[in-house]
Amino acid sequence: MNRPDNSRYLIKAAQQRAALTRSKAVQALRTLHADGRPVTFDAVARYARVSRSWLYTQPDLRAEIERLRQNQASAEPTPESRPQRASEASLRQRLEAANDRIRRLHDENQRLRQQLAHALGQRRQSPSPAPATIPNQ
């Protein structure tokens, strides 16, 4: 019994997967560049959800990433493109909020541990149910 040759379906699926991967990478390049974000192999790979090694094997994509990266390196950063540093007051406020959350979670954890210990103690004290008997036939 001969099996039908279904290889054309596998080839078509692989071609569609490759086209989708390429389009995701191209879109990532365009978006990163348009947003003024750094265009690097890592950034494109993460944004497009493709592997960096695959990007390196695509000559046109590799050349475009290197070109954009070179252009960004030579461009003088503007005040708008520089990330703003958080003020000391802002950092203190964030730290206090984080510490408050840690305290609340610690208190909740303690309360839950006590509830669990109480429930387990009650379970130990309660009489165990009698084993079910199977009537003789």
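Which element of the chain has the lowest mean pLDDT, and which the highest? Helix α4 has the lowest, at 87, and α2 the highest, at 93. This is a predicted model. Across the chain, pLDDT averages 86. A score of at least 70 is reached by 85% of the residues. Where pLDDT is low, the predicted coordinates should not be read in detail.

**Overall layout**

The chain holds five helices and zero strands. Read from the N terminus, its elements run α-α-α-α-α. Of the 137 residues in the chain, 12% are buried. The accessible surface comes to about 12400 Å². Carbon and sulfur atoms account for 52% of that surface. Take the contacts between residues at least 6 apart in sequence: 48% of them join residues at least 24 apart.

**Helix α1**

Helix α1 covers residues 7–35. Does its length agree or disagree with the expected span? At 1.5 Å a residue, the 29 residues of α1 should span 42 Å, and the end C-alpha atoms are 42 Å apart, so the two agree. The buried residues of α1 are Ala 25, Ala 28, Leu 29, Thr 31 and Leu 32.

Thr 31 belongs to this helix. Its relative accessible area is 16%, under the 20% limit, so Thr 31 counts as buried. Beyond its neighbours up to four places away in sequence, Thr 31 touches Arg 37 and Tyr 47. Just after α1 comes Gly 36, with a positive phi of about 75°.

**Helix α2 and the core**

The buried residues of α2 are Phe 41, Ala 43, Val 44, Ala 45 and Ala 48. In general, an α-helix has 3.6 residues a turn, so residues three or four places apart point the same way.

The largest nonpolar core has 15 residues. Which helix gives the most to this core? Helix α2 does, with five residues. At least two core residues come from each of α1, α2 and α4. Those with the most contacts inside the core are Leu 29, Val 39, Val 44, Leu 55 and Ile 65. In soluble globular proteins, nonpolar side chains tend to be buried together.

Leu 29 has several partners beyond four places in sequence. They are Val 39, Val 44, Leu 61, Glu 64, Ile 65 and Leu 68.

**Leu 68 in α4**

Leu 68 sits in helix α4, which covers residues 59–74. Is Leu 68 buried or exposed? With a relative accessibility of 4%, Leu 68 is buried. Its contacts, leaving out residues up to four places away in sequence, are Leu 29, His 33 and Val 39. Thr 40 is 28 residues from Leu 68 in sequence. In space, the C-alpha atoms of Leu 68 and Thr 40 are 8.4 Å apart.

**The aromatic pair**

How many aromatic pairs are there? The count is one. Phe 41 and Tyr 56 form this pair, which is stacked. The ring centres are 4.0 Å apart, and the planes meet at 20°. Phe 41 lies in helix α2 (residues 41–48) and Tyr 56 in helix α3 (residues 52–57), so the pair ties together parts 15 residues apart in sequence. Phe 41 is buried, at 2% relative accessible area. Tyr 56 is partly exposed, at 37%.

**After α2**

Arg 49 is found in the loop between α2 and α3. Just after α2, this residue takes a positive phi of about 60°. That is a positive value in a residue other than glycine. Is Arg 49 buried or exposed? Arg 49 is exposed, with a relative accessible area of 74%.

**Accessibility of the residues discussed**

| Residue | Relative accessible area | Class |
|---|---|---|
| Phe 41 | 2% | buried |
| Leu 68 | 4% | buried |
| Thr 31 | 16% | buried |
| Tyr 56 | 37% | partly exposed |
| Arg 49 | 74% | exposed |

Terms used:
Residues numbered from 1 in each chain as written. Predicted model: local features only at pLDDT ≥ 70, side-chain atom pairs only at ≥ 80, totals over all residues. Heavy atoms only, no water. Helix = DSSP H or I, 4+ residues; strand = E, 2+ residues; numbered from the N terminus. Buried < 20%, exposed > 50% of the residue type's maximum accessible area, 1.4 Å probe, protein only. Contact = heavy atoms within 4.5 Å. Areas by Shrake-Rupley, 256 points an atom, 1.4 Å probe, with all protein chains shown as cover. Phe/Tyr/Trp six-rings, centres within 6.5 Å; stacked < 30°, edge-to-face > 60°. Core = buried A, V, L, I, M, F, W, Y, C linked by side-chain atoms within 4.5 Å. pLDDT = per-residue confidence, 0-100. Expected span 1.5 Å × (residues − 1).
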